Amino acid sequence: MQKHLTTLALFGALLGLGGFALLAYLFWGLDYESFAQLLLAWAGKSDWLDRFEQDYFPKSRWLFLGYSLPFFALGYLAFLAYAYKKRALWLSAAAEQLRLWVQLIGQEFRQTKPIEWAFLLPILCFWSISTLYQIQQLPIEYDEAWSFLHFSSRSPLFSLISPHNNHILYTFCSSLLHQLGVAGPWDLRLPSFLAIFGLMFFSYWYYRRLLGWRWGLAILALLALAPPIYIYGILGRGYGILLFFLGAYLWADSQENRQLWPLLLLLAWGGIYSNPIFVLPYLGLALSRFGQANYWRQQLLFALGSLLLYSPFILANGAQILAGAAADSGQSLGNTYFYLYRLIDWQFLGRRLPLFWPYLLLVLGLLPLVNKRGYWLAFSLLWPILLPFLDQQWPYRIFCYLYLFFLPYLGLALAKMPFKKAFILPLGLVLGLQFWASRGHYFLHWSRPLDAEAQKIAQLLLADPQAEVCYSFARYDKPLLQYYFLRAKRKLACPMPFAGSQEQANFGPHFPYVLLDTEDYKAPPSIADSLARHYQVIYRNERLILYKLN
């Protein structure tokens, strides 16, 4: 195994040196104008030169990175020299860790009895079939289309430095699948499906260790049909990968094996790189281990490793992007209590029911069942309740991890009672309720009519081999139209009248197609008159009108 690790380490070192050689060419071998044009051509955004120079990567940042590059290179060479000097120790420790990880996972499979597989496999099959069906049937949503246009359809390396990307690890995996030729929508949604599928195994092993196999299977069934788990096993977003790393972390943390701290560190790095909100559940997990061996070393390495992972993103976009993200994190979603009601309902039912007080009382009522360490884990369950009082009302979806903490608490309460046949009927009813809630969750279906309409309009435009430009008075539909054109290996320009749009342009009666959203945009009389005189309606529904130039 050490031989393979040596080869892998050598490959990584050479890859790093190649990266520095490429950076040297970009920052020393080219002038700024050539650098900007080359980078935009690589990204497929050659028409963004002015915006790139003014907002995304000004010349001052290019000069700063060029002057800083020798120091980064010297630091990297010093690291390689130190790693080479200590190679015997590092390779031995890495090989031992890998053997330990493989042994633990193999042990979990060997300990799974046939009676457990008899229930576990149907749960996995039911979830997989239902999820795969939804992946194929649900039209692509706005966020998925936007991610594909800006990240997944480009080089995987582009995902590491692109601005406005909070799902770096997901977009990297999705882009890799796309480059390998995986067809849509699977290149967008397969990473989420595989992540949640893996989560099922780690969660079951965790629940079995905590509750025994009977209640472990029951709680796993609840997890499989939980709305956030079900939703992010379908949609092409980074939350499924975050949930996988968090579930694997909980499993590894429950082993009570101090030799596993490198594995915990790797899982924490994976979680934070999948989405920065991983820090919310991680805080409770870290505090629960306060004072143990390697505690401060693990937390310091977690912070340094996270900074290193995000360093390409920060260097490419400037440190101010972090301050901008923090400034935009709060959202005005109504008063605090309304926000909390909606947040808890989003997690558990998605039927707009006031579940906040039952949730709070249940969490507080379960606290006596846990040990001292469990109080810190409960802290992760109470984050959504604390944040609004800090004037932070974040989107409901970022708390999708709540189920991973809530279900073990519920399982601890149920495990106090003997597992009897009398529980089968109530459990079946609860599972049915969960499936009903997940399949009908408003987050999964609110945009479905809009997405289907955009797909239909894209098909109408694609039927015209000359269609290359469509002026859009519809904000929501623009990325979806461009998504379907890009899937067809064509490009569609969508100028818009809205300030802040990358393709803002004034309307005139020379655009071959015009799309009007009658609900979102009130056309002034001059535009309405121009549309009536110069265009014919080729498609209309309750919201959209598609015009073609006479």
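In this predicted model, helix α25 (residues 525-534) lies across β1, β2, β3 and β4 (544-549). Relative to β3, helix α25 runs at about 95 degrees.

The strands beneath this description deserve a look of their own. An open sheet is formed by 4 strands in the order β1-β2-β4-β3, with mixed pairing. At its edges are β1 (471-473) and β3 (535-540), each of which pairs on one side only. On average, neighbouring strands of the sheet are turned by 20 degrees against each other, direction ignored. Strand β1 and strand β2 (residues 513-517) run parallel and are joined by 3 bridges. Within β2, Leu-516 is the bridge partner of Phe-473.

Another element to trace along the chain is helix α15 (residues 295-317), which has 23 residues. From its first C-alpha to its last, α15 reaches 32 Å, close to the 33 Å expected at 1.5 Å a residue. Helix α15 nevertheless bends by about 50 degrees at Tyr-310, and Pro-312 follows within four residues. Tyr-310 is also one of the buried residues of α15, which include Phe-302, Gly-305, Phe-313 and Ile-314.

Finally, a single residue shows how side chains meet. Asp-187 is found in helix α9 (residues 186-211). Its relative accessible area is 0%, so Asp-187 counts as buried, the cut-off being under 20%. The side chain of Asp-187 makes polar contacts with the side chain of His-178, at 3.0 Å, and with that of Arg-487, at 2.7 Å. Leaving aside residues up to four places away in sequence, Asp-187 touches Phe-148, Ser-174, Leu-177, His-178, Val-182 and Arg-487.

Methods:
Residues numbered from 1 in each chain as written. Predicted model: local features only at pLDDT ≥ 70, side-chain atom pairs only at ≥ 80, totals over all residues. Heavy atoms only, no water. Helix = DSSP H or I, 4+ residues; strand = E, 2+ residues; numbered from the N terminus. Expected span 1.5 Å × (residues − 1). Bend = angle between axes of the 7 residues up to and from the residue. Buried < 20%, exposed > 50% of the residue type's maximum accessible area, 1.4 Å probe, protein only. Pairing = 2+ DSSP bridges. Axes fitted to C-alpha atoms, helices over the stretch in contact; angles between N-to-C directions. Contact = heavy atoms within 4.5 Å. Polar contact = N/O pair within 3.5 Å; in protein donor to acceptor, adjacent residues only side chain to side chain.
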